[in-house]
Structure formats: C-alpha cells, structure tokens
Amino acid sequence: RKMAWISWEKMCQRKAEGGLGFRDLKAFNLALLAKQGWRIIQNPDSLLHRVLKAKYFKSTSFLEAQVGNNPSYTWRSLMEAKSVVERGMRWNIGNGRSVDIWRDRWLPTPNSFKVISPRSQESSVEKVEHLLDSDRRTWDINKVRSIFLPFEAETVLGIPISPSLPNDSRIWAWTSNGIFTVRSAYGVALKMFKDNKEKEDKGECSDPSKMDEVWKSIWRLECPGKIKHFLWRACKNILPTNFCLARRKVSKWDGCAWCGETESSSHVLWDCKAAAE
C-alpha cells in the first residue's frame, strides 16, 4: 500500500495528457509571483515599482534586473518568477520603435513569438518601425516580403497597425485579450518545467499527442470514478500485476497464475484466455 506506482510530476499532468490533473504547487507559486512581476512592468508609477527600482534596478528595467548582493526574500522570489514573465509576454506593435525585429518576441506565433526567417548579412533593418510605411502608416508590403520567408511575411502583414501609431506595449501572449491571468501563467510554468525535463533527458521523449483521445475517452465514460481510475492505472501499466511487482523486486515471478505467460495489465484484462472467457 505504501508503494509509489507513479511520480507526483506525472500525476500533475493534465488528464488529457495522461495525468490526474493535480496542481503542481511549485508551478502555481511561480504563477502567483509572476503576477506581481507583471504588475511591476505594467505599473511603473506604483509604489511597489518605485521601491524595488530604487533598491535593485536603478539604471535598468525589471526584465534586465539581477538578483544582486544580499537580496530580500521577496526580491529573490520575484527573480525566480521572472522567467515565467519573459516567456509569457510579447510586444504589441504600435509605432515599432521599441521592438527589435530579430531578438524580441512580437509575432503572434506560439510558442517562440520570435522571427525565424534567416537574417541577410546585407540587411541593416533593426527595428520594426523600419518595416512600416511612414506615409500610409501601415506595413511596407514589398519590404516585409523581401526580408521574411513567405509564410512569416504573411504573419507580419496580418498584424494590425493603428493609424495613430501609439507606443509599443507589452501584452500577455497566452490569453486572447492580452490580459495576464494566473491560470495561463501556471500553464507557462508547467511548460517550462516540461522543457527543462526534456533537456535533462536529452530530448528522448515520446509524443503524447496520440494518446490524447484515449485519455479523454476514459474520463468521459459514464461510470463510477473508481472504474475510470482503474482503467487509467491499467493504461499506465501501474496495476499490481506480477510483472510490475517483479520489476520492483517485490516478487521473483512475473508469470500469470492461469497460463504462465508474463502477467502485465493487458494480459490480465484482455490477452489471457481465462480473462477472455
């Protein structure tokens, strides 16, 4: 009963991804801290921004700030969540003067929001404002199509430009209205943890998308929750079969008591002749 059949990390995955949908407390805490970081960026006149700026980033911005020497617990926490803010935001184009074409996140193309077109060595275009027609106050179509790959050029041309050319602004990239939500930030934090895990595993991971419909079909069943949970465990192969017990060194025999073949979850439920009968 005290045996851990599956890691907490996997149980925190969404049900559609094969988990049980438990909340990852570390990721949720980062999302809450990211909310405070976002407020600092969006409200430069606030008391919180002025106090932190005077102490930690006098000559830079919050996004360029470092932990520094002898930081407070609050500042260390905000710095840990800064990566969530950076990954969750992008530029909303106004006049294009503040946005670097090649380094900043400004395209409405998840997940990177960055330009992937190769930069020509002869190109001197740096800012997004250089892609605009100053007279008509819209995109310079010929210039955009000459700089970017065809599909990316169409993405750029699809970004609306206001005739008044307001200042560029930062918006939250993971909501349709550009407004920060803790829920979307939580998703960003989970994605960061997943990407870091894949890097540690050298990218050797299977594509879970093929199993999405399987998991969805299980949780849509009209039956008691304990039956759904049992089916989930069977598909995860974490039932206490002889095969699983032998693999965990609990027993020495992994065979079926009826036919002697390896007793896996699929064998117990479907493949064994006794089960079929």
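Is G21 buried, partly exposed or exposed? In this predicted model, G21 comes out as partly exposed, because its relative accessibility of 46% falls between the 20% and 50% limits. The residue sits in the loop between α1 (8-11) and α2. Setting aside residues up to four places away in sequence, G21 touches M11, C12, Q13, R14 and K15. T74 is another matter: 53 residues separate it from G21 in sequence, and the two C-alpha atoms are 29 Å apart in space.

Now for the chain as a whole. Its secondary structure adds up to 12 helices and four strands. The radius of gyration is 26 Å, well over the 19 Å that the globule rule gives for 277 residues, so the chain is more spread out than a compact globule. Laid along its principal axes, the C-alpha trace spans about 80 × 50 × 40 Å. Buried residues make up 36% of the 277 in the chain. As for contacts with a separation of 6 or more, 51% of them are between residues 24 or more positions apart.

Next, the nonpolar cores. In soluble globular proteins, nonpolar side chains tend to be buried together. Here, the largest nonpolar core has 29 residues, and the ones with the most contacts inside it are L52, F57, F62, W75, V84, V85 and F180. Two or more residues of this core come from each of α2, α3, α4 and α7 (182-200), and α2 gives the largest share, with eight residues. Take L52 as a worked case: leaving out residues up to four places away in sequence, it touches I40, F57, W75 and L78. There is also a second, separate core of 20 residues, which includes W91, I101, V125 and F148.

On to the pockets. The second largest pocket holds about 520 Å³ of space. It is lined by 20 residues, of which S61, L63, M89, W91 and R170 are the closest to its centre. The elements α2 (25-42), α3 (47-56) and β1 (89-92) each put at least two residues into the lining, and the largest share, three residues, is from β1. Sorted by class, the lining of this pocket is a mix of eight nonpolar, three polar and nine charged residues. W91, then, turns up both among the residues closest to the centre of this pocket and in the second core.

Several loop residues can be placed in the same way. T60 lies in the loop between α3 and α4 (73-88). With a relative accessible area of 29%, T60 is partly exposed, because that value is neither under 20% nor over 50%. Apart from its neighbours within four places in sequence, T60 is in contact with K53 and A65. E261 is a long way along the chain from T60: the pair is 201 residues apart in sequence, with 67 Å from C-alpha to C-alpha.

E126 belongs to the loop between β1 and β2 and is partly exposed too, at a relative accessible area of 31%. Not counting residues up to four places away in sequence, E126 touches V99, D100, I101, W102 and R119. One of these, I101, is also listed in the second core. V85, by contrast, is a member of the largest core; its C-alpha is 24 Å from that of E126, and the two are 41 residues apart in sequence.

Finally, some backbone oddities. The loop between β1 and β2 (132-133) also holds N111, and the peptide bond from P110 to N111 is cis, with omega near 15°. Two residues other than glycine have a positive phi: L165, near 50°, and K249, at about 65°. L165 lies in the loop between α6 (150-157) and β4 (169-172), while K249 is found in the loop between α10 (242-247) and α11 (265-271). How do they sit relative to solvent, exposed or partly exposed? L165 counts as partly exposed at 24% relative accessibility. K249 counts as exposed, because its 74% relative accessibility is over the 50% limit.

Definitions and conventions:
Residues are numbered from 1 along each chain as its sequence is written. This is a predicted model: local features need pLDDT of at least 70, side-chain atom pairs count only at pLDDT 80 or more; totals for chains, interfaces and linings use all residues. Side-chain values use heavy atoms; hydrogens and water are left out. On a 1 Å grid over the protein atoms alone, a cavity is a set of points where a 1.4 Å probe fits but cannot get out, and a pocket is an open set with protein on both sides within 12 Å along at least five of seven lines; lining residues have an atom within 4 Å of a point. Grid points are joined across faces, edges and corners, and a volume is the space filled by probe spheres set on the points. Ala, Val, Leu, Ile, Met, Phe, Trp, Tyr, Cys and Pro count as nonpolar, Asp, Glu, Lys and Arg as charged, and the others, Gly among them, as polar. Buried means under 20% relative accessible area, exposed over 50%, partly exposed in between (1.4 Å probe, protein chains only). Contact means heavy atoms within 4.5 Å. A nonpolar core is a set of buried Ala, Val, Leu, Ile, Met, Phe, Trp, Tyr and Cys residues joined through side-chain atoms within 4.5 Å. The radius of gyration is taken over C-alpha atoms; the globule rule is 2.2 Å times the number of residues to the power 0.38.
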